[in-house]
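The following note is intended for a colleague who is meeting this structure for the first time. The points may be read in order alongside the model.

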Amino acid sequence: MNEHWIRPDWPAPPNVGSLITTRAGGVSRGPYGARPNLGGGMNIGLSCGDAFADVVANRTLLRALLPAEPRWLNQVHGAAVVDAAEVSPDCAADASFTDAPSVVCAVAIADCMPVLLADSSGRCVGIAHAGWRGLAAGVIQAAARAIRERLGDDHAELLAYLGPAIGPRHFEVGAEVLYAMQVQLPDASNAFVADADKYRADLFALGRQALRQVGVDRIYGGHDCTFSDATRFYSFRRQRPTGRHAALIWRV
């Protein structure tokens, strides 16, 4: 694996594989490239303006480390959850799960938060793409419920890992975001800090609230800021155009 990429540091069962790419390790150039001395950029986004051949080359590099082709979603900032084994190219959803081996759940990110999920015995895994709209719609709760429904156990113990996202010092939003979040999360205001006529929102804190709402207390990660670390990460809010990272999880 590329030394710059992230192997989530969480106590997932040994039959659970997970990976999050960073900005380095690929062949993309220009605004999609990596910083000097880190080689080319690892943009995996097909619809953000990068050269098609470079994105395909990056996805090929990624595929070589995975048990199968990632099941990419047509992400729409909603709360739909699908079985990754049934994903089609036009599947509009922001979360997926699987209990089958070698099916790779995947999301593309560049400031929105990827949430990796696994039950403590490794029978089922899932992933959610959680920006503020997805959080307000309940995508994290929906993903956790889908995993438990597949397991046939409403109380199955789940673990979660919060991947890189825009951090609380840099995520400036309007009051409408706070109000939308409060509909889903009663304590959402605790994750917002007033700043003049705006707020600064903490996606990681909101993600933890969403997880605890469905009884997920074993939560890891939640410390890498995409906006503030331009060497490691793309950031849609910091720079446009920009690339996308991949966050992936599967059962071995």
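1. A residue is called buried here when its relative accessible area is under 20%, and exposed when that value is over 50%. The model under discussion is a predicted one. With that cut-off in hand, strand β9 is a suitable place to begin.

2. How many of the 6 residues of strand β9 are buried? The strand covers residues 125–130, and 6 of the 6 are buried, so β9 is largely enclosed by the rest of the structure. The burial concerns both faces: V125, I127 and H129 are buried on one side, and G126, A128 and A130 are buried on the other.

3. Two strands pair with β9. Strand β6 (residues 95–98) does so in the antiparallel sense over 4 bridges, and strand β8 (residues 113–119) likewise pairs with β9 in the antiparallel sense, over 6 bridges. G126 of β9 has a residue opposite it in each partner: F97 and L117.

4. The connection between β8 and β9 deserves a separate remark. These two strands form a hairpin, with 5 residues between them. In the turn, G122 has a positive phi of about 75°.

5. Where does β9 stand in the wider sheet? The order is β5-β6-β9-β8-β10-β14, an open sheet of 6 strands with mixed pairing. Its edge strands, each pairing on one side only, are β5 (81–83) and β14 (218–221). On average, neighbouring strands of this sheet are turned by 20° against each other, direction ignored.

6. Helix α3 (residues 139–151) packs on the sheet and touches β5, β6, β8, β9 and β10 (158–162). The direction of α3 makes about 165° with that of β9. Helix α5 (residues 203–213) lies across β8, β9, β10 and β14, and runs at about 30° to β8. Strand β9 is thus listed among the strands touched by α3 and among those that α5 lies across.

7. The largest pocket should also be noted; its volume is about 750 Å³. Of the 26 residues lining this pocket, Q75, H77, A108, H129 and R244 are the closest to its centre. H129 is also one of the buried residues of β9.

8. Which elements each supply at least two residues of the lining of the largest pocket? Strand β7 (104–109) and helix α2 (132–137) each do so. By residue class, the lining of the largest pocket divides into 14 nonpolar, 7 polar and 5 charged residues.

Notes:
Residues are numbered from 1 along each chain as its sequence is written. This is a predicted model: local features need pLDDT of at least 70, side-chain atom pairs count only at pLDDT 80 or more; totals for chains, interfaces and linings use all residues. Side-chain values use heavy atoms; hydrogens and water are left out. Buried means under 20% relative accessible area, exposed over 50%, partly exposed in between (1.4 Å probe, protein chains only). Two strands pair if DSSP finds at least two bridges between them. Axes are lines fitted to C-alpha atoms, for helices over the stretch in contact, and angles run from 0 to 180 degrees between N-to-C directions. Contact means heavy atoms within 4.5 Å. On a 1 Å grid over the protein atoms alone, a cavity is a set of points where a 1.4 Å probe fits but cannot get out, and a pocket is an open set with protein on both sides within 12 Å along at least five of seven lines; lining residues have an atom within 4 Å of a point. Grid points are joined across faces, edges and corners, and a volume is the space filled by probe spheres set on the points. Ala, Val, Leu, Ile, Met, Phe, Trp, Tyr, Cys and Pro count as nonpolar, Asp, Glu, Lys and Arg as charged, and the others, Gly among them, as polar.
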